[in-house]
Amino acid sequence: MKALTFKEKQDVLEDLFKKYHRAVLQLKCLEERNFYPTIQFNTVKEKKTYYQDKGSQLNDQLVLKEELEKVIATFEFILDCLSMESKVIIEKEFIERVGKDWWIDYYSRSTYYRLKTRAMEETLFYFSCL
């Protein structure tokens, strides 16, 4: 089996953290949604719900919320398992998505890429253990 290149590792992690960002956003939208019915007096709407009643829709949303919380908890658990330097690099690069040159004040170029490679490998290791 051929080892992944630096770019391939970075692409895999970007895809994984897109799922994390998507889960956080969906969870935020679900939490802000109003589950209680409202009455509108000035509009007439005909609603035909052939496929689901309100109870099953609410149940589906609660199941989705639990799944999203599990995804987010998994990512946060993996971040907690990382070494401190790896955690900082992964958070800055893939979670916060700060500018390209954030590391200039902290590391030399060679040190940064060495630490970033180690951080990506460590993160991918923990994902492969799941």
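## A walk around Thr123

Leaving aside neighbours within four places in sequence, Thr123 is in contact with Leu13, Phe17, Ile78, Leu82 and Ile90. That is a handy place to start in this predicted model. Thr123 sits in helix α4, and with a relative accessible area of 0% it counts as buried, because the cut-off for that label is anything under 20%.

Now step back to the whole chain. It has 4 helices and 0 strands, so reading from the N terminus you simply pass α-α-α-α. Of its 130 residues, 25% count as buried. Take the contacts in the chain with a separation of 6 or more: 80% of them are between residues 24 or more positions apart.

Let's look at helix α3, which covers residues 84-95. Helix α4, running over residues 109-128, packs against α3 at an angle of about 90 degrees, and their axes are 9 Å apart. That angle makes α3 roughly perpendicular to α4, because anything from 65 to 115 degrees gets that description. Who does the touching? On the α3 side the contact is made by Glu85, Ser86, Ile89, Ile90, Glu93 and Phe94. On the α4 side you'll find Tyr112, Leu115, Lys116, Arg118, Ala119, Met120, Glu122 and our starting point, Thr123. Sort the residues of this contact by type and you get 7 nonpolar, 2 polar and 5 charged.

Helix α3 has another partner too. Helix α1, residues 6-32, packs with α3 at an angle of about 75 degrees, their axes 10 Å apart. So α1 is roughly perpendicular to α3. Here Gln10, Leu13, Glu14, Phe17, Tyr20 and His21 of α1 meet Ile90, Phe94 and Ile95 of α3. This contact divides into 6 nonpolar residues, 2 polar and 1 charged. Some of these names should ring a bell: Leu13, Phe17 and Ile90 are among the residues in contact with Thr123.

Which residues of α3 are buried? They are Ser86, Ile89, Ile90, Phe94 and Ile95. If you look down the axis of α3, these buried residues fall within an arc of 165 degrees, so they line one face of the helix. Ile90 and Phe94 are worth finding on your screen: both take part in the contact with α4, and both also meet α1.

Keep going past the end of α3 and you come to Arg97. This residue is in the loop between α3 and α4. Arg97 has a phi near 50 degrees, a positive value in a residue other than glycine. Is Arg97 buried, exposed or partly exposed? At 48% relative accessibility, it counts as partly exposed, because exposed would need a value over 50%.

One last stop: the cysteines. How many disulfides are there? The count comes to 0. Cys81 is in no disulfide, and the nearest cysteine sulfur, that of Cys129, is 9.5 Å away. The pair doesn't qualify because a disulfide needs its two sulfur atoms within 2.5 Å. Cys129, likewise, is in no disulfide, with the sulfur of Cys81 as its nearest cysteine sulfur. As for its surroundings, Cys81 is partly exposed, with a relative accessible area of 28%.

Key. Residues are numbered from 1 along each chain as its sequence is written. This is a predicted model: local features need pLDDT of at least 70, side-chain atom pairs count only at pLDDT 80 or more; totals for chains, interfaces and linings use all residues. Side-chain values use heavy atoms; hydrogens and water are left out. Axes are lines fitted to C-alpha atoms, for helices over the stretch in contact, and angles run from 0 to 180 degrees between N-to-C directions. Helices (H or I, at least four residues) and strands (E, at least two) are DSSP runs, numbered from the N terminus. Angles under 35 degrees count as roughly parallel, over 145 as roughly antiparallel, 65 to 115 as roughly perpendicular and the rest as oblique. Contact means heavy atoms within 4.5 Å. Ala, Val, Leu, Ile, Met, Phe, Trp, Tyr, Cys and Pro count as nonpolar, Asp, Glu, Lys and Arg as charged, and the others, Gly among them, as polar. Buried means under 20% relative accessible area, exposed over 50%, partly exposed in between (1.4 Å probe, protein chains only). The arc is that of the directions from the helix axis to the C-beta atoms.
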